[in-house]
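Please open the structure in your viewer and keep the selection tool at hand. The tour goes from stop to stop, with a word at each on what to select next.

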Amino acid sequence: MSAPQIQHFYDEPTGTLSYVVIDDQSGHAAVIDGVLGYSMQSGRTDTRSADAMIDHLRQHELSLQWILETHAHADHLSGAQYIKSQLGGQVAIGEGIRNVQAHFAPIYNLDDDFETDGRQFDQLFADGDAFRIGELECAVIATPGHTNDSVSYRIGDAIFVGDSLFMPDFGTARCDFPGGDAGALFDSIQRLLAMPDETQLFMCHDYRPGGRDLRWVCAVAEQRQHNIHVGDGVGKAEFAGMRSKRDAQLDLPALIVPAIQVNIRAGHLPDAEDNGIAYLKTPIDEF
Ligand SMILES: [Fe+2]
C-alpha cells in the first residue's frame, strides 16, 4: 500500500493539530480537523489557521478530495465549510453526529429546518467504511467515548485518532460531554493499541505539558508503554474511575458554546438575520 505524505498544522490558541494528507501519485489530498478561528471577545472569525492549510494545498497544486472531521469538536470551530468554499471537497464525519445533533438542537432551539440526520455533511461514515484519497486506501474506525461520533481514520500506516488519545504524557481526552463514555473510550483505545507496534498515531491536540516542544505523532508501542492513563496494565474500571474523577475537575473549553452550534452544522455559520448580520446563541444555564 502506498504511504501518505502528511503535513501537520498547529493552531496555537486552541492547541489543535490539523493535517493535510496527500497521495503523491495522484495529487489528491484530504484535510483533517481544520480550524476556523473565533474570538469570544469580539465575535469575529479568523481564517489564519485554515488559510495556512489552503496555501499549502494551492502551492503544491493538490486537488482537495476530502475534508474530514474526527468528531464534533467542543474546543474550536470547524474550518470545514470555509475550506470547502475555497477548494471544494466532501465534508465527512462519523454517523454518530446524528446523536450529537439530536442532543444539542433543542438546547440551541434550532429551527425546525435543522434536521438531526447529518444531512449538513456530505458523507457520514460508519465503522469499517472504506474510501480513497486518490489511490490511497483509507478506513474508518469508530472510536466513541470522548464523544459519541468520534472516529479515527486509518490511511496507510497512519491513524488519525482525533481526541481518543493524546501524547503519552497527557493521556486521554475527557468523557463528560453529552454522549461521552469512559468505558467506551477505553474499548476504543484498546482497538487502536492493538494495531502493529510501529503504527503511527496522529493526535488532534497537544497541550505541551511542562512547556515541552510540540509533538503530534506517536507509535502504538510508545503509547502502550508510556501513556499515563491507558499504558499496559491499566484496566477498564481503573481507567473509568480515574477519568470521571479527573473530568469532574475540568473547566469547560472556552469555545464550547459557539463551537458546538457551528460544528453540528458541519462548520456552517448561522444564516444572517433580516438585518444581514449572523448571530451565535448562548443558552443560559445549560452548559
Ligand atoms: Fe474533542
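The stops below cover a metal site, a charged patch and a proline, and the model that you are looking at is a predicted one.

Begin by selecting the iron ion together with its protein donors, which are His 71 and His 146, each through NE2, and Asp 163 through OD, at 2.0 to 2.4 Å from the ion. Read along the chain, these donors follow the spacing H-x74-H-x16-D. The two histidines bring together distant parts of the chain, since His 71 sits in the loop between strand E6 (63-68) and strand E7 (77-78), while His 146 sits in the loop between strand E11 (136-142) and strand E12 (151-155), 75 residues apart. If you switch on a surface display here, are these two histidines buried or exposed? Both His 71 and His 146 are buried.

Next, select Asp 111, Asp 112, Asp 113, Glu 115 and Asp 271, which together form a patch of negative charge on the surface. Within this group, you can trace Asp 111 to the loop between helix H3 (97-107) and strand E9 (123-125). Asp 111 has a relative accessible area of 53%, and because the cut-off for exposed is over 50%, Asp 111 counts as exposed.

For the last stop, select Pro 209, in the loop between strand E14 (200-202) and strand E15 (217-219). Its relative accessibility is 25%, so Pro 209 is classed as partly exposed. Add Pro 168 to the selection and compare the C-alpha atoms: the two prolines are 41 residues apart along the chain, and their C-alpha atoms are separated by 10 Å.

Definitions and conventions
Residues numbered from 1 in each chain as written. Predicted model: local features only at pLDDT ≥ 70, side-chain atom pairs only at ≥ 80, totals over all residues. Heavy atoms only, no water. Donors = N, O, S within 2.8 Å, 3.2 Å for Na, K, Ca; no water. Helix = DSSP H or I, 4+ residues; strand = E, 2+ residues; numbered from the N terminus. Buried < 20%, exposed > 50% of the residue type's maximum accessible area, 1.4 Å probe, protein only. Patch = residues over 30% accessible without salt bridge, like charges linked within 9 Å, V, L, I, M, F, W, Y side chains within 5 Å. Areas by Shrake-Rupley, 256 points an atom, 1.4 Å probe, with all protein chains shown as cover. Salt bridge = Lys/Arg side-chain N within 4 Å of Asp/Glu carboxyl O. Lys, Arg positive; Asp, Glu negative; His and termini not counted. Charge placed at Lys NZ, Arg CZ, Asp CG, Glu CD.
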